[in-house]
Amino acid sequence: MTDDYLARIGQLIRDARQHRGWTQVKLAEALGTSQSAVNRIERGNQNISLEMIARISEALDSEIVSLGYSGPMHLRVVGGRRLSGSIDVKTSKNACVALLCASLLNSGRTVLRRVARIEEVFRILEVLSSIGVRARWINDGADLEIVPPAELDLESIDADAARRTRSIIMFLGPLLHRMDQFRIPYAGGCDLGTRTVQPHMIALRRFGLEITATEGLYHAVVESSVTPGGPIVLTERGDTVTENALLAAARHDGVTVIRNASSNYMVQDLCFFLEQLGVRVEGIGTTTLTVHGIPEIDVDVDYSPSEDPVEAMSLLAAAVVTGSELTVCRVPVEFLEIELAVLEEMGLDTDRSPEYAADNGRTRLVDLTVRPSKLEAPADKIHPMPFPGINIDNVPFFAAIAAVAEGQTLIHDWVYDNRAIYLTDLNRLGGRLQLLDPHRVLVEGPTRWRAAEMMCPPALRPAVVVLLGMLAAEGTSVLRNVYVINRGYEDLAERLNEVGAQIETFRDI
């Protein structure tokens, strides 16, 4: 093999090992070789046989090199099975990606505990690594350590990884403090129609950031003499725009007031993390945040993001649509209280444990047991609102829940242009959903689910909703190309299997 191929294969092996959370020592033990040999392989400094590549692929459960086209991942679901036992909620996807972006504020070492091992996180890590940030999984892959370089290399940014995540937009807030001009690729992520970044531009312009967009890149120029001067009023109470404003304010040498701020779960986690960095934030949990920024941050920080209320809602919905008794543990209840109130009004039988604190010491958790229940359609329509209303990302799960309830439920997903359309994919599984317009869908229940083979919708939450319908449908269903689910959920199929589901992952030959 040429040196170039050896280096590329070595990089693939290193990435697969890091994604699995293994050290070089652990991989060496699995292969019956030495850590130094693994190090040489990953650096492209050692010839490697096809047999060794196959052994490494088997050890890491990763297709390092394929002959011909390596197809996407699919799920084969044997439905109609009851779930039982208990399942833990993982840490928040949206909090984790925000905290990874926030690590760029800090010149010191950042350790994030129990980071969600999902494709969205992996894409951000690929971008961080490409610009010189040292990120590695520690403690047997449970935690993540991030150490930035003295100077970031934005010219080497991994554009492909950046374009596969919308979270790249949150690099703007930290980077405006690190360089006078830079370029980053356009934000990507789910296909949810037109989602303007204008609110971000309006907020960050108050810190001297001017953006022009050409040829797939945001071209940023920073005028460091510009300061907010007065309160920043966000034109949209969005989560990421609030986070971007917080990231910009954190290293502004002065006091920044942000009004019409989101008070959602990922914003609160970011505020708690900024406090660990030494930035004082007043008004956490309200729509007015006062940030006492500091111009330089160089601390070693250790932080535990809280659990994901949207994943919790996904697991609750799985129990409801399969008519199961299931205990969902570590539910961040303060971010699900409206959803639970609606479900209980529909007739859902639940028990809650006493509240206890998340590992961040601030977020309130409960263990929630769901029992089989005869549900009635809610009297009012289901629609999202900024926290403390029904979470925008939880609205799609009500489509699956409404499908097993008696009567008609109107779901008004007013935030996104396309997402309600994807919910009608449940009709392939026996659902009776009528699309009224691009934002409203009428769900008629109860549903006699039937198995089907389908392509995965290109949006995360509707994709999981289709998977939930397959869990309820008697027979064998196939959901093709599930990358979008892996963007936001860690080992979802395997974890559902542990509580009684029968889901097999496979690829085309």
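**Reading a predicted model, feature by feature**

Me: With a relative accessible area of 25%, Asn-260 is partly exposed. Where is the place of Asn-260?

Reply: The model is a predicted one, and the reading below applies to that prediction. A residue counts as partly exposed when its relative accessible area lies between 20% and 50%; the 25% of Asn-260 therefore falls in that class. Asn-260 is in the loop between β10 and α11 (265-276). Its backbone also deserves attention: Asn-260 has a positive phi of about 60 degrees although it is not a glycine.

Me: Which other residue has a positive phi although it is not a glycine?

Reply: Arg-114 does, with a phi of about 50 degrees. Arg-114 belongs to the loop between β3 (110-112) and α6 (119-130), and its relative accessible area of 29% makes it partly exposed.

Me: Which strand does β10 pair with, and in which sense?

Reply: Strand β10 (residues 255-259) pairs with strand β12 (residues 288-292) over 5 bridges, in the antiparallel sense. One bridge sets Arg-259 against Thr-288 of β12. Strand β11 (residues 280-282) is also joined to β12, by 3 bridges, and these two strands run antiparallel; here Arg-280 stands opposite His-292 of β12. β11 and β12 form a hairpin with 5 residues between them, and Gly-283 in the turn has a positive phi of about 90 degrees.

Me: How should one read the two sides of a helix, and which residues of α4 are buried?

Reply: An α-helix has 3.6 residues a turn, so residues three or four places apart point the same way. In helix α4 (residues 50-60), the buried residues are Met-52, Ile-53, Ile-56, Ser-57, Ala-59 and Leu-60. These residues are on the same side of α4, because they cover an arc of only 165 degrees around the axis. Leu-50, Glu-51 and Glu-58 are exposed on the other side of α4.

Me: Does His-200 count as buried or exposed, and with which residues is His-200 in contact?

Reply: His-200 is part of helix α9 (residues 198-205). Because its relative accessibility is 2%, His-200 counts as buried. Neighbours within four places in sequence aside, the contacts of His-200 are with Ile-169, Thr-240, Val-241 and Asn-244.

Me: At what angle do α12 and α14 pack, and which residues make the contact?

Reply: Helix α12 (residues 309-321) and helix α14 (residues 395-403) pack at an angle of about 10 degrees, and their axes are 9 Å apart. Angles under 35 degrees count as roughly parallel, and α12 and α14 are therefore roughly parallel to each other. From α12, the contact takes in Val-310, Met-313, Ser-314, Ala-317, Val-320 and Val-321, while α14 supplies Phe-397, Phe-398, Ala-400 and Ile-401. By class, the residues of this contact are 9 nonpolar, 1 polar and no charged.

Me: Which strands does α14 lie across, and in what order do they stand in their sheet?

Reply: α14 lies across β18, β19 and β20, and runs at about 25 degrees to β20. In a regular strand the side chains alternate between the two faces of the sheet. The three strands form an open, antiparallel sheet in the order β18-β20-β19. β18 (407-412) and β19 (432-437) each have a single partner strand, so one side of each is left without a neighbour in the sheet. The twist from one strand to the next averages 20 degrees. Between β18 and strand β20 (residues 440-445) there are 6 bridges in the antiparallel sense, and Thr-409 stands opposite Val-443 of β20.

Me: In what order do the strands β6, β7 and β8 form a sheet?

Reply: The order is β6-β8-β7, in an open sheet of 3 strands with antiparallel pairing. The edge strands are β6 (181-185) and β7 (209-214), each of which pairs on one side only. On average, neighbouring strands of this sheet are turned by 25 degrees against each other, direction ignored. β7 is joined to strand β8 (residues 217-222) by 6 bridges, and the bridge partner of Leu-209 in β8 is Val-222.

Me: Which residues does a cis peptide bond join?

Reply: One such bond joins Phe-387 and Pro-388, with omega about 15 degrees; Pro-388 is in the loop between β17 (364-371) and α14. Another joins Gly-445 and Pro-446, with omega about 0 degrees; Pro-446 is in the loop between β20 and β21 (453-455).

Definitions and conventions
Residues are numbered from 1 along each chain as its sequence is written. This is a predicted model: local features need pLDDT of at least 70, side-chain atom pairs count only at pLDDT 80 or more; totals for chains, interfaces and linings use all residues. Side-chain values use heavy atoms; hydrogens and water are left out. Two strands pair if DSSP finds at least two bridges between them. Helices (H or I, at least four residues) and strands (E, at least two) are DSSP runs, numbered from the N terminus. Axes are lines fitted to C-alpha atoms, for helices over the stretch in contact, and angles run from 0 to 180 degrees between N-to-C directions. Buried means under 20% relative accessible area, exposed over 50%, partly exposed in between (1.4 Å probe, protein chains only). The arc is that of the directions from the helix axis to the C-beta atoms. Angles under 35 degrees count as roughly parallel, over 145 as roughly antiparallel, 65 to 115 as roughly perpendicular and the rest as oblique. Contact means heavy atoms within 4.5 Å. Ala, Val, Leu, Ile, Met, Phe, Trp, Tyr, Cys and Pro count as nonpolar, Asp, Glu, Lys and Arg as charged, and the others, Gly among them, as polar.
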